[in-house]
Amino acid sequence: MSAAPVDLTCELMAQSLAAWRVAGVVERSRDGAIVIRGACTDIRIDPAASDPMFRWMVAIDGRKRPAISVVGVLRQVREALDPGYAANRVRVALTPLVPS
Amino acid sequence: MRSDVIPISILTGFLGSGKTTILGHLLRQRGFSRTAVIINEFGEVGLDHELVEASEDSFIELKTGCLCCKIRTDLAQTLQDMVQRRDDGKCAPFDRIVIETSGLADPAPILQTLMTDTSIAGRLVLGGVVATVDTVTGAGTLQREDISQKQVALADKIVLTKLDLSGPAQPALLDRLAELNAGAAVLSADRGKIDSQCLFSAGLYDSDARSLDVNSWLAGERHSHARHDGDIQTYAVVRNEPIRAVTLTLFLETLAEHCGADLLRLKGIVNVAESPDRPAVIHGVQHVFHAPAWLKRWPSDDRSSRIVFITRRVPRRWVEALFEAIAAEVADVTVGR
């Protein structure tokens, strides 16, 4: 994985905490991981470079789970830090935007 | 394109803001004659339909509850029945439907019903949302009533009413409306009188031009800088580089997943990398999205992607960070293949 996705994922995590109004600090560790220190939870996000299926490894209070994409990382982080969060599933409208 | 697809518009606005007065005048206009009206009242005794002079089969009163919270099934059933009666020649023919919501209704669930109900899919197309704002009490109402803010925020057009009582609209009210929804055209009604063509001729779908009125409903993108209220914000995300289709899909899915009801409305034109000559038009209300509509050509020389967001407590910087992170990951995966 190149540096850009990791840098931008770090920025996304910082903005996400602000957007969710969740207390915490986002920083980079010396070995390049993204570290989130929440009020009660510590999260570490590493690129899983050697795994062809999963791009990320997310450790929440030491418990590791892989994630396929940054979208999966974001979901895991929010579930860990925002107890009131209930995911919405996108629905596709049946009526077209333009008649066909 | 089917010739009998019927655009359906929503007339919303807070209690006493002049919706029924406008509707009464519209129903006397020739250009509005082939319009069916659904009036939703909220109260023990419905009065609004008594205030509207019209032939009996041109409007239907839904009074079993507020449209946005109780009777969405009733709405879909009513629409289906109306279209069937029209097709069977059992009512006056109509080419357009207008729903007047109750003053306390949230338009978003009504929009969702119109977008997702299987019984009306294929016959109806979303025409647009018009919100009335009383210039006498509107500023106070917007300050006090969250639902009033939402009605304005979701509108494609805003109609100022009661100017005969207030005089010219106060700059503070106009500023507030611009803060809540910079993209909506602001019109005025003279004692309820307004031309039906300028009110309902274009919304999302312009039935006269038979096309998406992209230039109109992306107008907010030009005025979207630093427009924000404490809760409701309007802003645009603009990207000059083409966007990969998978990036767009992941972006919209993630917005829906994390924002839900706080994503009041999203509309945009996107330069999709895989389709450089045919831009995609996207539209969503909360977590419900239309499938992209592919225009035959770009409406202007501007080929940038422009997505207008009307949100509640969804910071612009988060939306931009989300997009950039997804785009970078997709690019990284693509290069790594």
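**The two helices of chain A**

Select α1(A) and α2(A) first: these helices pack at an angle of about 35°, with their axes 11 Å apart. The model on display is a predicted one. Viewed along the line from one helix to the other, the crossing of α1(A) and α2(A) is right-handed. To see the contact itself, show the side chains of A:P5, A:T9, A:L12, A:M13, A:S16 and A:W20 on α1(A), together with A:V70, A:V73, A:L74, A:V77 and A:R78 on α2(A). Coloured by character, the residues of this contact divide into eight nonpolar, two polar and one charged.

**Along α1(A)**

Keep α1(A) selected and place a distance marker between its end C-alpha atoms. They are 26 Å apart, which agrees with the span of 26 Å to be expected because the helix has 18 residues at 1.5 Å a residue. Which residues of α1(A) are buried? They are A:P5, A:V6, A:L8, A:T9, A:C10, A:L12, A:M13, A:Q15, A:S16, A:L17 and A:A19. Next, move to the residue that follows α1(A): A:R21 has a positive phi, near 55°.

**The sheet of chain A**

Now select the strands of chain A. Five of them form an open sheet in the order β1-β2-β3-β4-β5, and the pairing is antiparallel. The edge strands are β1(A), residues 24-28, and β5(A), each of which pairs on one side only. From one strand to the next the twist averages 20°.

Within this sheet, turn to β2(A), residues 34-38, and β3(A), residues 42-47; four bridges join these antiparallel strands. A useful point of reference is A:I34, which stands opposite A:I45 in β3(A).

Bring the helices back into view. α1(A) lies across β1, β2 and β3 of chain A, and runs at about 170° to β1(A). α2(A) also packs on the sheet, where it touches β1, β2, β3, β4 and β5 of chain A, and its direction makes about 5° with that of β4(A).

Then zoom in on β4(A), residues 56-60, and β5(A), residues 63-67, which run antiparallel and are joined by five bridges. The bridge partner of A:I60 is A:R63 in β5(A). How many residues lie between the strands of this hairpin of β4(A) and β5(A)? There are two residues between them, and A:D61 in the hairpin takes a positive phi near 50°.

**Where chain A meets chain B**

Display both chains. The contact takes 31 residues from chain A and 44 residues from chain B. On the chain A side, α1 (3-20), α2 (70-81) and β6 (91-92) each supply at least two residues. The largest share of that side comes from α1(A), with 10 residues. The residues of chain A that touch chain B divide into 19 nonpolar, eight polar and four charged.

Select β6(A) together with β13(B), residues 288-289. These strands of two chains run parallel and are joined by two bridges. Here A:V92 has B:F289 in β13(B) as its bridge partner. In general, strands of a sheet pair through backbone hydrogen bonds, either parallel or antiparallel.

**Into chain B**

Hide chain A. The secondary structure of chain B comes to 12 helices and 15 strands. Of its 337 residues, 52% count as buried. Among contacts in chain B between residues at least 6 apart in sequence, 76% join residues at least 24 apart.

Select β11(B), residues 263-270. Is this strand mostly covered or mostly exposed? β11(B) is mostly covered, with eight of its eight residues buried. Add β15(B), residues 305-312, which pairs with β11(B) in the antiparallel sense over six bridges; in this pairing B:R265 stands opposite B:I310. Then add β12(B), residues 280-285, which runs antiparallel to β11(B) and is joined to it by five bridges. In that pairing B:L266 stands opposite B:G284 of β12(B).

The last stop is α11(B), residues 245-259. Its end C-alpha atoms are 21 Å apart, in agreement with the 21 Å that its 15 residues should span at 1.5 Å a residue. Buried residues of α11(B) include B:T247, B:L248, B:L250, B:F251, B:L252, B:T254, B:L255, B:A256, B:H258 and B:C259. Just after α11(B), select B:G260, which takes a positive phi of about 50°.

Terms used:
Residues are numbered from 1 along each chain as its sequence is written. Chains are lettered from A and ligands numbered from 1 in the order in which they are written. This is a predicted model: local features need pLDDT of at least 70, side-chain atom pairs count only at pLDDT 80 or more; totals for chains, interfaces and linings use all residues. Two residues are in contact if their C-beta atoms, placed from the backbone, lie within 7 Å. Ala, Val, Leu, Ile, Met, Phe, Trp, Tyr, Cys and Pro count as nonpolar, Asp, Glu, Lys and Arg as charged, and the others, Gly among them, as polar. Two strands pair if DSSP finds at least two bridges between them. Axes are lines fitted to C-alpha atoms, for helices over the stretch in contact, and angles run from 0 to 180 degrees between N-to-C directions. A residue is buried if 20 or more other C-beta atoms lie within 10 Å of its own, exposed if 12 or fewer, and partly exposed in between; C-beta atoms are placed from the backbone. The expected span of a helix is 1.5 Å times one less than its number of residues. A crossing is left-handed if the near helix is turned anticlockwise from the far one by less than a right angle, and right-handed if clockwise.
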